[in-house]
Amino acid sequence: MNESVIVLGIGFLAQAFFSARILVQWILSEKAKEVLSPSIFWILSIAGSYLLCLYGWFREDFSIILGQFISYYIYIWNLKEKGIWTKIYGIAKVILIATPVVALLFMLKDASAFIDDFLRNEEVPLWLLIFGSAGQVIFTLRFVYQWFYSHHKKESLLPAGFWIISLAGSLTIVTYAIIRLDPVLILGQSFGVVAYVRNLCIGYKHAHDIKEPIAKRQ
């Protein structure tokens, strides 16, 4: 089988996990009429992140890898908050925790080769690399924000700010993907835009429904 087909398969499978997490979260939130943070969202997140990191490595795309490294351990934190992490077998925990570290050490083993392959990639001009990396950083900051917010509230939540940052980052990444002609990123991010907007609408309506009875009693 052609190696590029296998790489694309890994990428599409990763995006399938990411799309599934948004779809499930969206459906459950629609039913509950409020924005939820279900356990399955974080399970699918860690699976998708693991695979997309591999895809970025094979594609020699630094921006993709950067985005996954930032959010990976936040997914694990949320799994702990949901009580899922304790149910995972010990060896699986070790693999999940160690893989990003091993990949990082592997990159640092030959720094000059890493720079040549990733930062001086002829297929990705420096300005485009910076633009794509900025999109990934913005997109990943949503999980940093989510972690700070949830840590403060002492439970795993998906606040409005999470969806606003998601929308900004996603639009940047879609633009990057169109320029790079990357079908994996285009497909994955385009679906997310709709879900992010809808979650903002659900959150706004839920907040309005809560405030309205309080206002009437006053």
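**Exercise 1. Work out how open to the surroundings Arg198 is, then do the job again for its salt-bridge partner.**

Step 1. Start with Arg198: its relative accessible area is 33%. Keep in mind that this is a predicted model.

Step 2. Pick the class. Buried means under 20% and exposed means over 50%, with partly exposed in between, so Arg198 counts as partly exposed.

Step 3. Now the partner, Glu30. Its relative accessible area is 29%, so Glu30 is partly exposed too.

**Exercise 2. Find the salt bridge in this structure and say which parts it ties together.**

Step 1. How many are there to look for? The structure holds 1 salt bridge.

Step 2. Check the distance. In the pair Arg198 and Glu30, the closest N and O atoms sit 2.5 Å apart, and the cut-off is 4 Å.

Step 3. Place both ends. Arg198 belongs to helix 8, while Glu30 belongs to helix 1 (residues 3-32), so the bridge links parts that lie 168 residues apart in sequence.

**Exercise 3. Describe the largest pocket and what lines it.**

Step 1. Get its volume: about 370 Å³.

Step 2. Look at the lining. There are 20 lining residues, and the closest to the pocket's centre are Val35, Leu158, Pro159, Gly203 and His206.

Step 3. Ask which helices chip in. Helix 7 (160-180) and helix 8 (183-217) each give at least two lining residues, with helix 8 providing the largest share, 7 residues.

Step 4. Sort the lining by class: you get 12 nonpolar, 5 polar and 3 charged residues.

Key. Residues numbered from 1 in each chain as written. Predicted model: local features only at pLDDT ≥ 70, side-chain atom pairs only at ≥ 80, totals over all residues. Heavy atoms only, no water. 1 Å grid on protein atoms, 1.4 Å probe; cavity = no way out; pocket = protein on both sides within 12 Å on 5 of 7 lines; lining within 4 Å. Points joined across faces, edges and corners; volume = space filled by probe spheres on them. Helix = DSSP H or I, 4+ residues; strand = E, 2+ residues; numbered from the N terminus. Nonpolar A, V, L, I, M, F, W, Y, C, P; charged D, E, K, R; others polar. Salt bridge = Lys/Arg side-chain N within 4 Å of Asp/Glu carboxyl O. Buried < 20%, exposed > 50% of the residue type's maximum accessible area, 1.4 Å probe, protein only.
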